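Colleague: I am new to this model and would love a close look at a single part of it. Could you take the paired strands and then walk me outwards from there?

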Amino acid sequence: MHGRKNSALACSFCGHTQEEVRRLVAGQEPGVFICNDCVKLCDDLLKEEEEVEEEEEEKEATEGEEEEKKIDLFAGFGKSDSFAYFGEAGEANTEQTIKLAAQRCKELRLKYVVVATSTGETAIKVAKEFKDQDVSIIAVTLHAGTWKKYAPPNPKKVEKAEEMGVKFLTCTHALMGNVGTGIMRKFGGINWTDLIAHTYYTFSQGTKVAVEIAVMAADAGLIPVDQEIISIAGTDTGADTALVIKPAYCTEFFDLRVREIIAKPR
């Protein structure tokens, strides 16, 4: 092995003889030795592996700390007294969304509130929260052509909300669910208003709906277009989005302005 002399003891790993190394250490088996250089090499390799493992553990710990910081930062946003960014979209955010909307409405002394509602339940909740404010509440439902797929207004809930002063509006949707939708279904392509709707969807479904119902209420003559309003909407059911909007008629759609985001899902 390695040209070593037959009479000389040598390292079983590198082949260096005892004359070529500082020290040989005998193994348990006869004729098995390891030199000081190979011991050092093994030690260096083990230390290198340990350093890699320590670096990976440190990286994992750092990433965990950064994630906790992000969670803490988000929690701070979600618990704000004046606005909310929810971790998840949906009905669970209804109470806080309406409460924050009522608070901002009072601060800005606004006179009109528009709310999206399917059955009338969300409209009732809005009416209760805004009961001490001198505001007109307009509840906008889905148009009748969508009731079978989603949900029609509940007559008892509508009656209860109306007794609380809420006005209801059911009409063609300004952005999605109109003649353009019928054209797409029959001939294909894309409706221009759907492009606008899907652009608002990049913020949240509730953002699109809040803008849409503001236009619908304006077109119906139920809200002015020269005053800011509160618009409340959500994802499927309930509420998770509230905006301060300066509304516009559909024919003057690009005069509409979203002034503030009070609440929305992240």
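**The paired strands and their surroundings**

Modeller: Happy to start with the pair itself: strand E4 (residues 112-116) and strand E5 run parallel and are joined by five bridges. Two strands count as paired if DSSP finds at least two bridges between them. Helices and strands here are DSSP runs numbered from the N terminus, helices (H or I) having at least four residues and strands (E) at least two. One of the contacts is that of Ala-116, whose bridge partner in E5 is Val-140.

Before going further, a word on what you are looking at: this is a predicted model, in which local features need pLDDT of at least 70 and side-chain atom pairs count only at pLDDT 80 or more, while totals for chains, interfaces and linings use all residues. Residues are numbered from 1 along each chain as its sequence is written, and side-chain values use heavy atoms, with hydrogens and water left out.

Strand E5 (residues 136-140) is largely enclosed by the rest of the structure, because four of its five residues are buried. Buried means under 20% relative accessible area, exposed means over 50%, and partly exposed is in between (1.4 Å probe, protein chains only).

Now look at the loops leading to these strands. Asp-134 and Lys-111 form a salt bridge, with their closest N and O atoms 3.9 Å apart. Asp-134 sits in the loop between helix H3 (121-129) and E5, and Lys-111 in the loop between helix H2 (94-108) and E4, so the pair ties together parts that are 23 residues apart in sequence. A salt bridge here is a side-chain nitrogen of Lys or Arg within 4 Å of a carboxyl oxygen of Asp or Glu. Asp-134 is exposed at 62% relative accessibility, whereas Lys-111 is partly exposed at 38%.

Helix H3 takes part in a salt bridge too. The side chains of Glu-121 and Lys-157 meet at 3.3 Å, N to O. This pair links distant parts of the chain, with Glu-121 in helix H3 and Lys-157 in helix H4 (residues 155-163), 36 residues apart. Both are partly exposed, Glu-121 at 31% relative accessibility and Lys-157 at 27%. Elsewhere, Arg-104, Glu-107 and Glu-260 are joined into one network by salt bridges that share partners. In the whole structure, a search finds nine salt bridges.

Next comes helix H1 (residues 36-78), which holds Glu-63 and Lys-47. Lys-47 is partly exposed, at 45% relative accessibility. From its C-alpha atom to that of Ala-123 the separation is 68 Å, and the two residues are 76 apart along the chain. Within H1, Asp-44 and Lys-40 meet in a salt bridge (3.2 Å, N to O). These two are four residues apart in the helix, so about one helical turn separates them. Asp-44 is partly exposed at 34%, while Lys-40 is exposed at 53%.

Glu-63, partly exposed at 44%, belongs to a patch of negative charge on the surface, whose other members include Glu-48, Glu-53 and Glu-60. Patches are made of residues with over 30% relative accessible area and no salt bridge; like charges are joined within 9 Å, and nonpolar side chains (Val, Leu, Ile, Met, Phe, Trp, Tyr) within 5 Å.

Finally, Val-179, Ile-183 and Phe-187 make a nonpolar surface patch of about 360 Å². Ile-183 lies in helix H5 (residues 179-187) and is partly exposed, at 45%.

How values were computed. Accessible areas come from the Shrake-Rupley method with a 1.4 Å probe; for residues, only the protein chains shown count as cover. Lys and Arg count as positive and Asp and Glu as negative; His and the chain ends are not counted. The place of a charge is taken as NZ of Lys, CZ of Arg, CG of Asp or CD of Glu.
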